[in-house]
Amino acid sequence: MLSRRNFTKRSLASFLLTALPSVVFAKNKIINYKLSAEKSNFNFDKNFTSNLWLYNHENPGPLLKANKGDILKVNFTNNLDEPTSIHWHGIKNINKMDGVPYLTQDPVQPGETFSYEFPVNQSGTYWYHAHFESWKQVAKGLYGPLVVNDKTDDLIEDDIVILADDWRLNKKYQIDKKSFGSLMDWSHAGRVGNWLTMNGKKSPQYSIKANSLARLRFINASNARILKFGSSLKNNNIIAIDGVTVKPMLVKDFTLAPGQRIDLLINSVDLLKVDFFEISHTKQLKAFTLNVTKANNKTRDITNINFTSNWILPKLNKAKIINIRMQGGAMGNLSKANFDGVEKDFRSLATEDKKLWAFNKEIGSYEYLLAKVKLNQVVILDVWNDTRWPHSMHLHGNHFFVKSKEFKDNIDYISRDTYLMQAGEKAKLIFLADNPGKWLFHCHMLEHAASGMISYIDVA
Ligand code: C2O
Ligand code: CU
């Protein structure tokens with residue numbers, strides 16, 4: 001296990017070993033961006049100014065765009081008073097660019113700059129967010145969308161990111177800081193908010209062209225809220241899940257757990273407007289509206305757009321099985337667990353250490369090695385959610401295959417990077433470990449991750 005102190009030395013050594021001559025990237029186009037983490041003002045309500053932490057003072061952070069095959073180069077400056085780092089959620093990244101403090105890089109200190117540079121070889125909807133005390137930094141607004149286009153996207157007239165967040169604000173529209181670290185939240189569903197925004201706004205309006213195609217890219221950046229969307233359309237046409245193109249699927253509504261993405265294709269022929277709702281509660285909220293403008297005249301034929309997934313389930317006969325039993329939380333069955341090498345009872349873990357969740361009776365952290373895996377081995381994470389809570393399980397640096405019960409008429413495996421596991425559910429998350437490095441596996445309910453539901457898998 002790597003201590004924080006030794007991190008710099010070790011990572012420098014491994015960097016020297018793995019550094020590639022720059023000529024490898026020579027053909028690829030480099031897309032440059034500048035991001036800075038800032039203390040920013042933002043108005044949720046015109047009478048109140050809230051203090052948020054934002055990238056480039058924007059809520060959400062700027063849309064980063066690249067084409068498949070480009071190199072994304074993000075020059076990042078930390079203008080906060082505390083360390084931070086950026087994780088590129090869903091990107092099959094180079095490990096040292098993955099943005100996990102102490103595991104893949106030193107945290108970026110106040111005033112410091114760090115240059116993230118990595119190829120984007122898969123198209124789709126991704127996002128980036130702070131990964132240092134993310135339960136706090138993400139709650140304050142440190143995230144933004146990342147979209148990688150491929151040729152199919154040229155055929156689509158309107159491309160709209162819908163980044164949803166569930167803020168917890170007090171009566172003065174300030175981030176409710178008093179509740180940060182609430183043991184109640186951390187042991188239950190996580191920090192659930194009271195102010196839902198789409199791209200920072202309450203029920204915004206967007207326009208799309210008539211007789212054309214629009215792609216909506218939903219991202220759930222909430223700390224813990226599981227969102228569910230429906231619309232005024234009879235069906236919603238899902239074309240991608242967690243960035244990965246799927247055979248189009250018609251659904252009435254869809255669930256989006258923290259960290260997940262879903263892309264819809266909207267054919268605007270015969271439409272005047274479409275309303276979208278957040279429907280996880282009996283009292284549904286208007287999420288946003290699409291107004292159809294009359295600009296275009298030719299009718300689009302969408303049959304010539306080929307949405308298919310070219311991901312192939314690896315052969316499972318030689319797979320390495322890693323058993324993961326998730327336990328803990330309120331009303332759970334975790335009586336004892338190991339924390340920093342010491343076995344402790346649940347009550348003292350909760351009250352003394354604010355640790356509440358475990359994998360295989362270990363309280364996790366960025367330094368908890370769950371398993372070692374050989375490069376190019378097929379891995380099955382055999383996960384059992386033995387808690388009374390749903391958890392949004394995310395693997396860094398890799399997509400995995402999962403037989404989701406969520407899309408009823410789709411019995412195939414789907415490829416995703418974040419999977420919502422219901423209380424009691426058992427699921428096999430399957431991936432080909434062809435990406436070397438230390439990859440986090442954690443719950444994306446950020447309070448759960450902070451209080452133990454986190455580990456890494458070492459692929460070497
Ligand atoms: Cu989007 Cu480790 O997370
Ligand atoms: Cu969780």
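Buried here means under 20% relative accessible area, so Cys443, at 0%, counts as buried. Keep that in mind for the views below, which come from a predicted model.

**View 1. The copper ion (ligand 2) and its donor residues.** Three residues hold the ion: His391 and His448 each offer ND1, while Cys443 brings in SG, at 2.0 to 2.1 Å. Read along the sequence, the donors follow the spacing H-x51-C-x4-H. The pair of His391 and Cys443 ties together distant parts of the chain, 52 residues apart: His391 sits in strand E26 (residues 391–395) and Cys443 in strand E31 (residues 437–443). His391 is buried as well, with a relative accessible area of 0%.

**View 2. Phe218 and the residues it touches.** Phe218 lies in strand E12 (residues 213–220) and, at 0% relative accessibility, is another buried residue. Leaving aside residues up to four places away in sequence, its contacts include Ile162, Phe229, Phe254, Leu256, Phe276 and Phe288. Arg261 is also among them, and it turns up again in the next view.

**View 3. Where domain 2 (158–304) meets domain 3 (320–459).** Here 24 residues of domain 2 are in contact with 27 of domain 3. Together they bury about 2300 Å², with carbon and sulfur atoms giving 61% of that area. Two salt bridges cross the interface, along with 14 residue pairs in polar contact. On the domain 2 side, the elements giving two or more residues are helix H3 (183–187) and strands E14 (236–241), E15 (244–251) and E17 (261–267). Look also for the salt bridge between Arg261 and Asp417, whose closest N and O atoms are 2.7 Å apart.

Notes:
Residues numbered from 1 in each chain as written. Chains lettered and ligands numbered in written order. Predicted model: local features only at pLDDT ≥ 70, side-chain atom pairs only at ≥ 80, totals over all residues. Heavy atoms only, no water. Donors = N, O, S within 2.8 Å, 3.2 Å for Na, K, Ca; no water. Helix = DSSP H or I, 4+ residues; strand = E, 2+ residues; numbered from the N terminus. Buried < 20%, exposed > 50% of the residue type's maximum accessible area, 1.4 Å probe, protein only. Contact = heavy atoms within 4.5 Å. Domains from an automatic or database assignment. Buried area = accessible area lost by both parts, 1.4 Å probe. Salt bridge = Lys/Arg side-chain N within 4 Å of Asp/Glu carboxyl O. Polar contact = N/O pair within 3.5 Å; in protein donor to acceptor, adjacent residues only side chain to side chain.
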